[in-house]
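Open the model in your viewer and keep the selection box handy. This tour goes stop by stop: what to select, then what is there.

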Amino acid sequence: MSLQIQGLNNKIFKHSRDYSQGGGKIRKGMGTFIVALDGSGDFDDIQEAINAIPKTGGEIFIKEGTYNGFSLNKSKITIEGTGEGTIIKDKIAGAGGGIIIYITKGSVSISKIKVLVENLNWTGIQITNNLTKIKLNKIITDGGNYGATAGIFTDGEGMSNILITECIIENYETGINIGGSNNIISSCLLNSCDIGIQTDGLINSTINGNTSSNNTGRGIILSDNNFSSNFNTLNGNTSTGNATQGIEIFGLCSKNLIIGNISTGNNNGILLSIPQAGRVPDKNLIIGNIVLNNTTAQITDNGTNTVLANNITT
């Protein structure tokens with residue numbers, strides 16, 4: 001099928017097909033490109049398509065196939081694959097330590113792709129430079145057995161409005177490592193990592209409806225490794241079968257609300273921990289959680305001014 005531009009009765013790019021064959025979709029304008037390996041698209045390389053997007057932005061649709069990694073270095077771009085059939089595999093050229101997808105500009109969206117990491121210390125998706133308005137949806141990423149660093153890693157406490165939803169992340173040291181403010185992690189599955197979700201300097205954000213299971217360390221941890229994580233809400237998460245803590249508030253993290261979560265079958269259900277003197281969790285609310293069948297303890301509160309209410313522990 002030839003390219004279709006809304007409002008124009010023309011035919012260009014005879015090699016191009018409607019991006020979602022059988023889906024009835026048409027191209028929205030000249031900033032829309034198809035990436036395909038079978039000759040049916042405008043490009044066979046994702047980075048080339050990104051480089052061709054104008055400053056006004058555009059959309060890139062990636063057909064099934066295995067592609068090289070890319071740097072998302074322009075704003076106002078939406079990238080959409082076909083799901084598990086769109087595989088991003090090799091690291092970006094020149095990316096030290098190995099990064100498959102490197103996001104360096106805000107106001108972008110990536111959805112329906114699979115990211116495979118096949119080398120030690122690589123990162124699936126890295127977001128840098130204190131960006132805002134990033135959407136990651138329905139991404140599958142697997143670190144394999146290579147000790148890969150992180151599935152999704154945000155680099156900078158100035159991040160804001162990062163939305164990570166419906167992602168499946170497995171076999172990393174850390175599934176999601178996130179800081180910044182006003183961010184949301186929702187409805188993700190994290191499995192067989194060391195840590196499922198780890199925060200560092202996360203402020204006024206929401207972690208809800210996720211499942212973090214069978215990790216060799218923690219399921220979910222709010223931490224102060226570099227900056228305190230404060231004023232966050234963890235609700236409706238399930239953390240089960242983790243070797244250490246199901247949910248942990250680590251160090252100088254304050255005024256977080258832990259409500260309506262399920263933490264079962266871990267070593268510790270919910271732990272408020274003090275890594276060293278002066279780094280004490282304070283004024284956190286632990287309310288209405290189901291915390292059962294954890295080996296060492298259900299809820300251990302080493303913090304100060306903690307509110308514990310209506311938790312089910314027996």
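Buried means under 20% relative accessible area, exposed means over 50%, and partly exposed is the range in between. Glu118, with a relative accessible area of 36%, is therefore partly exposed. We return to Glu118 below.

**Whole chain**

Start with everything selected. This is a predicted model. Draw it as a cartoon: the secondary structure comes to one helix and 32 strands. The chain has 314 residues, and buried residues make up 53% of them. Switch to a surface. The chain exposes about 13000 Å², and carbon and sulfur atoms supply 48% of that area. For a contact map, take contacts with a separation of 6 or more: residues 24 or more positions apart account for 55% of them.

Now colour by confidence. The average pLDDT is 89, and 88% of the residues score at least 70. Select residues 1–26, where the pLDDT is below 50. Beyond near neighbours in sequence, this stretch has 51 contacts in the model. Where pLDDT is low, predicted coordinates should not be read in detail.

**Strand S8 and its partners**

Select residues 108–111, strand S8. Which side chains point one way, and which the other? Val108 and Ile110 share one direction, while Ser109 and Ser111 take the other. All four are buried. In a regular strand, side chains alternate between the two faces of the sheet.

Add residues 77–80, strand S5. S5 and S8 run parallel and are joined by four bridges. Glu80 has Ser111 in S8 as its bridge partner.

Then add residues 132–137, strand S11. S8 and S11 also run parallel, again with four bridges. Here Ser111 is partnered by Asn137 in S11. Ser111 thus appears in both pairings, with Glu80 and with Asn137.

**Strand S10 and its partners**

Next, select residues 123–128, strand S10. How many of its residues are buried? Six of six; the strand is mostly covered.

Show strand S7, residues 99–103. S7 pairs with S10 in the parallel sense over four bridges. Label Ile101: Ile125 in S10 stands opposite.

Now show strand S13, residues 150–155. S10 and S13 pair in the parallel sense too, over five bridges. Label Gln126, whose bridge partner in S13 is Phe153.

**Salt bridges**

Side chains of opposite charge can pair when their charged atoms come close. The whole structure holds six salt bridges. Three of these stops follow, beginning with Lys89 and Glu118.

Select that pair. The closest N and O atoms are 3.6 Å apart. Lys89 sits in strand S6 (residues 86–90), and Glu118 in the loop between strand S9 (114–116) and S10. The two are 29 residues apart, so the pair links distant parts of the chain. Lys89 has a relative accessible area of 27%, which means it is partly exposed.

Move to Arg279 and Asp224. Their closest N and O atoms are 2.6 Å apart. Arg279 lies in the loop between strand S28 (268–273) and S29, and Asp224 in the loop between strand S22 (220–223) and strand S23 (233–235), so the salt bridge ties together parts 55 residues apart in sequence. Are these two buried or exposed? Both are buried.

Last pair: Lys283 and Asp282. Their side chains meet in a salt bridge at 2.9 Å, N to O. Lys283 counts as partly exposed because its relative accessibility is 38%. Asp282 has 15% and so counts as buried.

**Two isoleucines**

Select Ile286, in strand S29 (residues 285–287). Why does Ile286 count as buried? Because its relative accessibility is 0%. Expand the selection to contacts, leaving out residues up to four places away in sequence. Among the residues touched are Ile249, Ile258, Ile270, Leu272, Ile299 and Val307. Thr306 and Asn311 are also included. Measure the C-alpha distance to Ile259: 6.1 Å, for a pair 27 residues apart in sequence.

Finish at Ile290, in strand S30 (residues 290–292). With a relative accessible area of 32%, Ile290 is partly exposed. Add Ile262 and Ile312 and turn the surface back on. Together with Ile290, they make a nonpolar surface patch of about 210 Å².

Definitions and conventions. Residues numbered from 1 in each chain as written. Predicted model: local features only at pLDDT ≥ 70, side-chain atom pairs only at ≥ 80, totals over all residues. Heavy atoms only, no water. Buried < 20%, exposed > 50% of the residue type's maximum accessible area, 1.4 Å probe, protein only. Pairing = 2+ DSSP bridges. Contact = heavy atoms within 4.5 Å. Areas by Shrake-Rupley, 256 points an atom, 1.4 Å probe, with all protein chains shown as cover. pLDDT = per-residue confidence, 0-100. Patch = residues over 30% accessible without salt bridge, like charges linked within 9 Å, V, L, I, M, F, W, Y side chains within 5 Å. Salt bridge = Lys/Arg side-chain N within 4 Å of Asp/Glu carboxyl O.
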